[in-house]
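User: Please take a close look at one part of this model, the side chains and where they sit, and explain it in plain terms. I would like to know what meets what, and how the surface compares with the interior.

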Amino acid sequence: MLGRLPALVVAVPLLDILLLIAIGKKIGYPEIIFIVIGVGIIGIIIAVKEGFIVLREVKDEFYKGNLPTSELMDGLLVLIGASMFIMPGLISDIIGLLCLIPKSKSYMKKTAYKYFRYLLNYHLYRDRLRR
């Protein structure tokens, strides 16, 4: 997974720029600039709201004496979603919005839990074979 990260860091902004140019040719460059700025502002507002909600939920879980694992995963997704709005482009904005919408956020959490469980089981099994 980490081996693919540099390719994603290069590919997503490149695809964003190409998509912005293509859409700009169709509907006009001022319009696409307003769309990107508008979606970015809306996304940042949602990210701040979701961030405060997650912070409150983490604090509540700590006060109850529980470990806030689900809430920390929500916080990670909000952080990823908010960071996507820093990059200009439609693809990164869509990824950012998907990280902030509760329905898609719950799907991403389930997928991440399955992936982390797979990684943990793989490494535990591999370490047992080495002994």
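Analyst: **Nonpolar side chains, then charged ones**

I17, I21, Y29, I33, I37, I41 and I45 make a nonpolar patch of about 670 Å² on the surface. The model is predicted, so everything below describes a prediction. Two helices each supply at least two residues of the patch: helix 1, which covers residues 5-27, and helix 2, which covers residues 29-64. Helix 2 gives the most, with five residues.

I17 can serve as an example from this patch. I17 belongs to helix 1. Its relative accessible area is 48%, so I17 counts as partly exposed, a class that runs between 20% and 50%. V10 is also in helix 1. V10 has 56% relative accessibility, so this residue passes the limit of 50% and counts as exposed.

The interior comes next. In soluble globular proteins, nonpolar side chains tend to be buried together. Which residues form the largest nonpolar core here? Six residues do: A47, V54, V58, V78, F85 and L100. Helix 2 provides the largest share of this core, three residues. Helix 2 is also the helix that gives the most to the nonpolar patch.

One member of the core, V58, can be followed a little further. Apart from neighbours within four places in sequence, V58 is in contact with P68, E71 and L72. V54, another member of the core, is in contact with D74, and this leads to the charged side chains.

Side chains of opposite charge can pair when their charged atoms come close. How many salt bridges does the model contain? The count comes to four.

Take D74 first. D74 is found in helix 3, which spans residues 69-84. Is D74 buried or exposed? Its relative accessible area is 11%, which is under 20%, so D74 is buried. With neighbours within four places in sequence left aside, D74 is in contact with V54, E57, K105 and K109. With K109, D74 forms a salt bridge, at 3.2 Å from N to O. K109 lies in helix 5 (residues 102-130) and D74 in helix 3, so this pair ties together parts that are 35 residues apart in sequence. K109 is buried too, at 14% relative accessibility.

A second salt bridge joins E61 and K64, with 3.8 Å from N to O. Both residues lie in helix 2, three residues apart, which is about one turn of the helix. The two ends of this pair fall into separate classes of accessibility. E61 has 16% relative accessibility and counts as buried, whereas K64 has 60% and counts as exposed.

E50 and K49 meet in another salt bridge, at 3.9 Å from N to O. Here E50 is buried, with a relative accessible area of 10%, while K49 is exposed at 51% relative accessibility. The limit for exposed is over 50%, so K49 passes it. K49 and E50 also belong to a network of salt bridges together with K105. K105 has been named above as one of the contacts of D74.

The aromatic rings can be treated briefly. A search of the whole structure finds one aromatic pair. The rings are those of Y115 and F116, with centres 6.3 Å apart and planes at 50 degrees, so the pair is tilted. To be stacked, the planes would have to be under 30 degrees apart, and to be edge-to-face, over 60. Y115 is partly exposed, with a relative accessible area of 33%. F116 is partly exposed as well, at 44% relative accessibility.

Two distances help to place some of these residues. V10 and F116 are separated by 106 residues in sequence and by 25 Å in space, C-alpha to C-alpha. K64 and L20 are separated by 44 residues in sequence and by 47 Å in space, again C-alpha to C-alpha.

To put the parts together, helix 2 takes part in the nonpolar patch and in the nonpolar core. Helix 2 also holds both E61 and K64, whose side chains meet in a salt bridge. The salt bridge of K109 and D74 is the one that ties helix 5 and helix 3 together in this account.

Key
Residues are numbered from 1 along each chain as its sequence is written. This is a predicted model: local features need pLDDT of at least 70, side-chain atom pairs count only at pLDDT 80 or more; totals for chains, interfaces and linings use all residues. Side-chain values use heavy atoms; hydrogens and water are left out. Patches are made of residues with over 30% relative accessible area and no salt bridge: like charges are joined within 9 Å, nonpolar side chains (Val, Leu, Ile, Met, Phe, Trp, Tyr) within 5 Å. Accessible areas come from the Shrake-Rupley method with a 1.4 Å probe; for residues, only the protein chains shown count as cover. Helices (H or I, at least four residues) and strands (E, at least two) are DSSP runs, numbered from the N terminus. Buried means under 20% relative accessible area, exposed over 50%, partly exposed in between (1.4 Å probe, protein chains only). Contact means heavy atoms within 4.5 Å. A nonpolar core is a set of buried Ala, Val, Leu, Ile, Met, Phe, Trp, Tyr and Cys residues joined through side-chain atoms within 4.5 Å. Rings of Phe, Tyr and Trp (its six-membered ring) pair if their centres lie within 6.5 Å; planes under 30 degrees apart count as stacked, over 60 as edge-to-face and the rest as tilted.
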